[in-house]
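Me: I would like a close look at the side-chain pairings in the structure shown below, and at the parts of the chain that they bring together. Please take the aromatic rings as the starting point and go on from there.

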Amino acid sequence: MILMPRMILSAASLGLCFAFAQPAAALDLESLSDADRTLLRAEIREYLLANPEVIMEAVAVLEQREAKGQAEADSDLVKVNAEALFNDPNSWVGGNLDGDLTLVEFMDYRCSYCRRAHEDVKGLLAADGNIRFIIKEFPILGEESVMASRFAIATRQVAGDEAYASVHDALMAYSGSMSEAGFTRLADSLGLDAPAIIAEMNSDAVTQVIAANHALGQRMQISGTPSFVMGDQMLRGYLPQGAMQRIADEIRAQ
């Protein structure tokens, strides 16, 4: 809000120049007398009361500038961390592996918005058909989140990408206990080797994947889930399928 008086002053200065008998360009705000300063403030106040829409216009301009600055900063973060984002061998990759656009999701199995986004992302991948999709296990909502991610990562390391995809989908709809017993039942229901997966959950290899994702998320200034990277853009928070498709189309049109 500090910037607004300066912006509004430029719009009102033509009216003020008559009061001070000098051109607006020559108006020296530092040398104003107390009486002139009081008059100036009264003129500004009167102008704002008569034209309150100017405040909203100024706020909109400020928000646009801030959004542009944030987008540019996010793009720089994506470029600096591109290798870890797009070419990490420890992250599951799906969708169209030869797609012209890559979507990366940082997610947590206990995040309700991640669960909502799960169906939207699946719909986007099916409808678009040309998006490469990468999942970053990013547990931030407590120990049960960490356990769920350990189970999913261990599944991939023990049984491969197809098994991971099945477990990932199941965990997104799972309402049971995030415990060894619950994971065993889930693995059994999918025809997977539950003892082998459970044994791998606390391995150094699994721990390193989670640690690397947390470090990457910190560098990307990610503090919540879901968070996405699409092309060179950061999408912070839940977006429905239609909104993601529009952004994908805009990126391709650039």
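How many aromatic pairs does the count come to, and what surrounds them?

Reply: The model is a predicted one, and what follows should be read with that in mind. The count comes to 5 aromatic pairs. One of them is formed by Y113 and Y238, whose ring centres are 6.3 Å apart and whose planes meet at 40°; since stacked needs under 30 degrees and edge-to-face over 60, the pair counts as tilted. Y113 belongs to helix α5, residues 112-128, while Y238 sits in the loop between β5 (233-236) and α11 (241-253), so this pair ties together parts of the chain that lie 125 residues apart in sequence. Neither ring falls in the buried class, for Y113 has a relative accessibility of 44% and counts as partly exposed, and Y238, at 23%, is partly exposed as well. The face of Y238 also has a charged neighbour, as R116 lies over that face at 4.3 Å from the ring centre. Elsewhere, W92, F133 and Y164 form one aromatic cluster.

F133 leads on to strand β3, where F133 is one of the residues that point one way from the strand, together with I131, I135 and E137. R132, I134 and K136 point the other way, and the residues on both sides are buried. Because 7 of the 7 residues of β3 are buried, the strand is largely enclosed by the rest of the structure. As for its partners, β1 and β3 pair in the antiparallel sense over 4 bridges, and within this pairing V93 has I134 of β3 as its bridge partner. Strand β2, residues 101-107, runs parallel to β3 and is joined to it by 7 bridges; here L101 stands opposite I131.

K136 of this strand also takes part in a salt bridge, with D88, where the closest N and O atoms are 3.2 Å apart. K136 lies in strand β3 (residues 131-137) and D88 in the loop between α4 (82-86) and β1 (92-95), so that distant parts of the chain, 48 residues apart, are linked by the pair. Both K136 and D88 are buried.

The count of salt bridges comes to 7. Side chains of opposite charge can pair when their charged atoms come close. In one such pair the side chains of D74 and R236 meet, with 2.8 Å from N to O. D74 is part of helix α3, residues 53-80, and R236 is part of strand β5, so the bridge ties together parts that are 162 residues apart in sequence. The two partners differ in their accessibility class: D74 is buried, with a relative accessible area of 6%, whereas R236 counts as partly exposed at 38%.

Helix α3 also holds K79, which is exposed, with a relative accessible area of 57%. K79 and G231 are 152 residues apart in sequence, yet their C-alpha atoms are 9.9 Å apart in space.

Helix α5, already met through Y113, comes up again in the salt bridge between R252 and D128, where the closest N and O atoms are 2.7 Å apart. Since R252 lies in helix α11 and D128 in helix α5, this pair ties together parts that are 124 residues apart in sequence. R252 is partly exposed, its relative accessible area being 30%, and D128 is buried at 18%. These two residues do not stand alone, for D100, D128, D249 and R252 are linked in a network of salt bridges.

The nonpolar interior remains to be described. In soluble globular proteins, nonpolar side chains tend to be buried together. Here the largest nonpolar core has 45 residues, and those with the most contacts inside it are L103, Y109, F151, L171, F183 and M230. Helix α6, residues 143-159, gives the most to this core, with 6 residues. F151 touches V167, L171, F183, L186, A187, I197, I198 and M201, when residues up to four places away in sequence are not counted. Another core lies apart from this one and has 13 residues, among them L85, F86, I134 and M220. I134 thus connects this last part of the description with strand β3, where I134 is the bridge partner of V93.

How values were computed: Residues are numbered from 1 along each chain as its sequence is written. This is a predicted model: local features need pLDDT of at least 70, side-chain atom pairs count only at pLDDT 80 or more; totals for chains, interfaces and linings use all residues. Side-chain values use heavy atoms; hydrogens and water are left out. Rings of Phe, Tyr and Trp (its six-membered ring) pair if their centres lie within 6.5 Å; planes under 30 degrees apart count as stacked, over 60 as edge-to-face and the rest as tilted. Helices (H or I, at least four residues) and strands (E, at least two) are DSSP runs, numbered from the N terminus. Buried means under 20% relative accessible area, exposed over 50%, partly exposed in between (1.4 Å probe, protein chains only). A charge sits over a ring if NZ of Lys or CZ of Arg is within 6 Å of the ring centre and within 35 degrees of the ring normal. A nonpolar core is a set of buried Ala, Val, Leu, Ile, Met, Phe, Trp, Tyr and Cys residues joined through side-chain atoms within 4.5 Å. Contact means heavy atoms within 4.5 Å. A salt bridge is a side-chain nitrogen of Lys or Arg within 4 Å of a carboxyl oxygen of Asp or Glu. Two strands pair if DSSP finds at least two bridges between them.
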